[in-house]
Amino acid sequence: MSSIATRRQPAAPASAAAEQPVRRTMSRRHREWLAAGLFLLPDGLGLFVFVVLPMFFSVFLSFFQVSGFGSYQWIGLGNYERMFNDPYFWSSMLVTAKYVVIMVPVLFVVSLGLGILMKQKLPGMAVYRTALFMPYMLSLVVAGLLWKFMFDEQTGVANKAVGKLGIEPQSWLGDPNLALYSVILVTVWYMMGYYMIIFLAGLNEIPKEYYEAAKIDGAGAWTSFRKITWPLLRPTSFFVLLMTTVAAITGTFDLVYVLTAGGPANGTAVAMFYIYQQAFVFGEYGYASALGTFLVLIMIVLSWVIFKLTKGGRFDDGE
């Protein structure tokens with residue numbers, strides 16, 4: 001008993017224990033947030049430097065009259081007053097509206113149809129998916145030049161194809177009644193593969209058991225689509241609808257510039273092309289910034305309307 005007592009060490013004083021440093025470790029949740037932040041940091045910096053800052057600078061320029069020699073003159077809302085009295089700008093907005101109203105539904109339906117078709121288990125589907133997606137891997141300029149040769153009145157493939165159907169050769173890019181529809185055709189051809197993949201991913205998320213149960217109950221293909229596929233594709237449909245609308249407003253410049261340069265008779269001069277002309281052809285940087293700011297506001301409003309109408313792609317009623 002005494003030997004055990006002699007081997008006991010004296011307890012450390014309370015003051016000495018308090019002086020020992022307490023090692024604090026991050027929780028798993030904080031480590032995950034830190035890792036996510038580090039992964040997102042490069043992309044976030046690029047987004048801030050190349051998107052956010054230019055947008056703020058554009059809004060700043062919209063209140064100035066800026067010449068090509070770098071002189072700034074404060075004019076307040078003068079550029080916006082000029083915009084509301086500019087018939088050519090509103091003509092370009094009308095062309096843009098027509099482009100959006102036609103292109104977005106057509107692209108949506110074609111992409112959805114291709115997604116459903118490519119989901120079928122048939123031989124060679126991987127090859128077909130790759131072939132349909134390949135146009136999206138091309139540069140818009142390359143795609144525009146390719147179709148410009150195909151639309152050529154004398155040697156183009158388009159007129160040779162319609163000629164075999166007994167239709168007279170058409171001026172696809174020179175006729176004001178056909179030029180915009182030709183641009184829409186090229187846009188749908190270029191983008192349908194990408195959105196087909198988006199729809200295909202959404203379709204693969206739908207459990208097969210739903211279709212098997214519907215088949216047992218005697219439901220046909222149309223009933224299965226209306227009762228199963230369409231409701232469960234709501235999040236994917238919302239994403240595609242929003243992205244195609246934004247792309248139709250902002251992503252048409254390249255094709256319009258290569259195919260028609262805004263013609264004929266400004267029939268394809270969408271708003272983005274008109275803004276480009278004001279900035280880089282006429283040197284009206286302040287006015288072009290005001291037009292761009294207004295176009296961004298239009299896109300924000302349209303995005304809000306789409307979000308409200310589709311309830312953000314949620315499955316519930318959003319209440």
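In this predicted model, the backbone oxygen of Val240 sits 2.7 Å from a polar atom of the Thr244 side chain. The Thr244 side chain also has a polar atom 3.1 Å from the backbone oxygen of Leu241. Thr244 itself belongs to helix H12. With a relative accessibility of 0%, Thr244 falls under the 20% cut-off and so counts as buried. Leaving aside residues up to four places away in sequence, Thr244 touches Met103, Val104, Leu107 and Tyr195.

Helix H12 also has a helical partner to look at. Two packed helices are described by the angle between their axes and the distance between the axes. Here the pair is H11, covering residues 221-232, and H12, covering residues 234-250. Their axes come within 5 Å and cross at roughly 55°. That angle lies between the under-35 degrees range for roughly parallel and the 65 to 115 range for roughly perpendicular, so H11 is oblique to H12. On the H11 side, the contact is made by Trp230, Pro231 and Leu232. H12 brings Arg234, Pro235 and Ser237 to the contact. Sorted by class, the contact of H11 with H12 has 4 nonpolar residues, 1 polar and 1 charged.

Further along the chain comes a stretch with some backbone oddities. Most residues other than glycine have a negative phi, and most peptide bonds are trans. The loop between helix H13 (253-259) and helix H14 (271-281) holds Pro264, and the peptide bond joining Gly263 and Pro264 is cis, with omega at about -5°.

What is the phi of Ala261? Ala261 has a positive phi of about 55°, although it is not a glycine. Ala261 is placed in the loop between H13 and H14. Its relative accessibility is 44%, so Ala261 counts as partly exposed, a class that runs between the 20% and 50% cut-offs.

Asn266 is another non-glycine residue with a positive phi, in this case about 60°. The loop between H13 and H14 is where Asn266 lies too. Asn266 has 41% relative accessibility and therefore counts as partly exposed.

Taken together, the H13–H14 loop contains Pro264, Ala261 and Asn266. Pro264 follows a cis peptide bond from Gly263, while positive phi values go with Ala261 and Asn266. Back in H12, Thr244 is buried, whereas Ala261 is partly exposed, as is Asn266.

Methods. Residues numbered from 1 in each chain as written. Predicted model: local features only at pLDDT ≥ 70, side-chain atom pairs only at ≥ 80, totals over all residues. Heavy atoms only, no water. Axes fitted to C-alpha atoms, helices over the stretch in contact; angles between N-to-C directions. Helix = DSSP H or I, 4+ residues; strand = E, 2+ residues; numbered from the N terminus. Parallel < 35°, antiparallel > 145°, perpendicular 65-115°, else oblique. Contact = heavy atoms within 4.5 Å. Nonpolar A, V, L, I, M, F, W, Y, C, P; charged D, E, K, R; others polar. Buried < 20%, exposed > 50% of the residue type's maximum accessible area, 1.4 Å probe, protein only. Polar contact = N/O pair within 3.5 Å; in protein donor to acceptor, adjacent residues only side chain to side chain.
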